[in-house]
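Q: Could you walk me through this model before I set anything up with it? I'd like to start with the overall picture and then go into particular spots.

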Amino acid sequence: MQHSPDSRPDGTAPARPSGARPPQQTTESLQAGFLATLFRDLGAEDAEQGPAHPGTDPEAAAHGRAAALTHHRTLTVQAEHEHLADLLRRAALPVSAMDFESQLRTYEPRPFPTDPAAPPAEAEPRWADYAPAEPATAGPEEPPSRRLLDSGFQRELAQARLRHQRDLREWRTRQADGATVEALAARTSHTEAEQARARAVREYNQSLEECRRAYRKSEPAAVESLLERALAAAEGATQDLPAPCRALFRPLTSTAVLDLDLPPLDVVPALSGYRLALDGSTEPVTRAPADRASDYLRLAARLALRALQAADAVDTDGILAGVVLNGWLRLPGADPVCLLSVDADRDALARTRLLAEPDAAVAADPDDEPAQGIYSDAEHDESLVRLRQLSAVVSPDPYGPVPVTPVGTAGAAVPSVAELSPIEFAHLVRELLTRGGLGAWSVRLRGPAGLVATAEGAQHSALPGRWVVWASRNAEPVAAEELRTLAEAVGEEGAERGLRLTTGRFGEAALDLAAEEHYRRIHLIDGGGVQELSRTHLGLPLALGG
């Protein structure tokens, strides 16, 4: 806190007895601010000016300097906490839609600039200024046509027309003579520039419409371009905290895979302030590791939710069936570490917008205790709660760092089964079998390895009746015991048939069991069959390897 030179917080001078002489103003007493006040109150000496008064205690002066240094270092730490709170607030702001309509441009012509120092232009001669006044009527009942037959009026009218035409020709001549070569060149350049602007806007809008047609056809380049524009626009609220996000679109599952670069770990202050030790030195006060980790995860969660919101807001045509987002921490000289991963379907994307403003941990007074964290309870932070509702996996300790396994990744141009997220794999199975004739899907169980669902086919289709579908992508061969379990589920569900689908293969015992009469209602599809279904129904390849 700053005080006046006379140690009054409000800046007023202390009252002196009547007739008393004012104290001598030394160099130290004229210095404003915290240091000068503190040194004077403690009787300390100024480092450059020497002792303020004869007989000043050197130990008291050193103590005063250490106290001042501690105070100002604490203020610096508090400023870092305030900056973090501001980043948290801005990262939670709503995202504006960056769809095709919002990117269209309009052309508005700009008038030719005139020289304000030039004299006003001569007005063009108007006929109204030359036309003679019509002759007065002889009587109130005289028709107007009689006035036009007056010979004097006709001669005056002809002379006025001649004067107007002569003055108009002379005005045009003066205009042509007065136009300099530079003025004509400037006007020509302005006209050409306006034509170029109009042409650029027209060509841009035409290219945007081409991109929109390609986007509606789910062409990867068009979808990825639109997504990355939306992600870059969403990042504008925190330009001082770069968090680039790359997008890859998989037409096989109509899913976008986003790779978000998380901010460096030092964006969260490691200290809560400084304190003066018993020996007179200044020592840092380290924050609890759990508080620092919670603050970083709050910021990472807001950046992840913002990217999901941007993808949802831009997809006005409903091309995306879901979004997979992985948050990567890139450390110098080391491989990237995944700290969070989200697998969100189309419906879940609508639940990513935060409802409340994040709290701000800003100290009201520099003398107050430094903030120990942005929030008091991380378990009730809205952004982390939203991620958990999306079944996201989040690192418990980003400073370990403790990585998490991404729910889905983006690798080669032809996606493999191992790269698909659980929601993607479930969507792929449903799409393949729906196009094959099974509808009315009802998912009973779903996990990273696969799903169990019921479906129904029309009576006259290739897959009639009620089915129990068990699909998985385990590398191990399907055992006979799994077919027995599926047969029991078919009976419990009152279904006519069961389908065991795997992206791997079936064991010999399972194949022998499926050949028995009692298991003729159980149908098998292995990895090769899944690839064939993908080519037949989706027209897209699928790799089985990792």
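**Loops, cavities and contacts**

A: Pro 401 is a good place to begin, and this residue sits in the loop between strand S7 (393–394) and helix H11 (422–436). Please keep in mind throughout that the model is predicted.

Q: What is the peptide bond from Gly 400 to Pro 401 like, cis or trans?

A: The bond joining Gly 400 to Pro 401 is cis, and its omega is near -10 degrees.

Q: OK, stepping back, how many helices and strands are there in the protein?

A: The secondary structure consists of 14 helices and 12 strands. Of the 546 residues in the protein, 39% are buried, and the accessible surface comes to about 30300 Å², with 53% of that area belonging to carbon and sulfur atoms.

Q: And what share of the contacts is between residues 24 or more positions apart?

A: Among contacts in the protein with a separation of 6 or more, 67% are between residues 24 or more positions apart.

Q: What is the mean pLDDT of the protein?

A: The mean pLDDT is 82, and 80% of the residues reach 70 or more. Over residues 42–52, however, pLDDT stays under 50, and for that stretch the model has 23 contacts beyond four places in sequence. Residues 356–378 also have a pLDDT below 50, and this stretch has 52 contacts in the model beyond near neighbours in sequence.

Q: Noted. Changing topic, how many cavities of 30 Å³ or more does the structure hold?

A: There are four cavities of 30 Å³ or more, and the largest cavity has a volume of about 80 Å³.

Q: Which residues line the largest cavity?

A: The lining of the largest cavity is made up of Leu 231, Ala 234, Glu 235, Ala 243, Cys 245, Leu 260, Leu 303, Arg 306 and Ala 307. Helix H7 (220–234) and helix H8 (289–314) each contribute at least two residues to this lining, and the largest share, three residues, comes from H8.

Q: Cys 245 caught my eye there; is that residue buried or exposed?

A: Cys 245 has a relative accessible area of 13%, and therefore counts as buried, the limit being under 20%. Cys 211, by contrast, is partly exposed at 35% relative accessibility.

Q: How many disulfides does the count come to?

A: The count comes to zero disulfides, where a pair of cysteine sulfur atoms would have to lie within 2.5 Å.

Q: Back to backbone geometry: which residues have a positive phi although they are not glycines?

A: Ser 218 has a positive phi of about 60 degrees although it is not a glycine, and Ser 391 likewise has a positive phi of about 60 degrees without being a glycine. Ser 218 belongs to the loop between helix H6 (181–216) and H7, whereas Ser 391 belongs to the loop between helix H10 (382–389) and S7.

Q: How do Ser 218 and Ser 391 fall, buried, partly exposed or exposed?

A: Ser 218 is partly exposed, with 22% relative accessibility, while Ser 391 is exposed, with a relative accessible area of 58%.

Q: You mentioned H8 earlier. What does Ala 293 touch, leaving out residues up to four places away in sequence?

A: Ala 293, which is placed in helix H8, touches Asp 397, Pro 398 and Tyr 399 when residues up to four places away are not counted. The C-alpha atoms of Ala 293 and Tyr 399 are separated by 6.8 Å, although the two residues are 106 residues apart along the chain. Ala 293 itself counts as buried, at 6% relative accessibility.

Q: And where does Pro 464 lie?

A: Pro 464 lies in the loop between strand S9 (450–457) and strand S10 (465–472). At 19% relative accessibility, Pro 464 counts as buried because the limit is under 20%. Beyond its neighbours within four places in sequence, Pro 464 is in contact with Gly 457, Ala 458, Gln 459 and Arg 497; from Pro 464 to Arg 497 the C-alpha distance is 9.0 Å, with their positions 33 residues apart in sequence.

Q: Last one: what is His 164 in contact with, apart from its neighbours within four places?

A: His 164, found in helix H5 (residues 151–178), is in contact with Pro 125, Arg 126, Trp 127 and Tyr 130 once those neighbours are left aside. His 164 is buried as well, with 14% relative accessibility.

Terms used. Residues are numbered from 1 along each chain as its sequence is written. This is a predicted model: local features need pLDDT of at least 70, side-chain atom pairs count only at pLDDT 80 or more; totals for chains, interfaces and linings use all residues. Side-chain values use heavy atoms; hydrogens and water are left out. Buried means under 20% relative accessible area, exposed over 50%, partly exposed in between (1.4 Å probe, protein chains only). Helices (H or I, at least four residues) and strands (E, at least two) are DSSP runs, numbered from the N terminus. Contact means heavy atoms within 4.5 Å. Accessible areas come from the Shrake-Rupley method with a 1.4 Å probe; for residues, only the protein chains shown count as cover. pLDDT is the predictor's confidence in each residue, from 0 to 100. On a 1 Å grid over the protein atoms alone, a cavity is a set of points where a 1.4 Å probe fits but cannot get out, and a pocket is an open set with protein on both sides within 12 Å along at least five of seven lines; lining residues have an atom within 4 Å of a point. Grid points are joined across faces, edges and corners, and a volume is the space filled by probe spheres set on the points.
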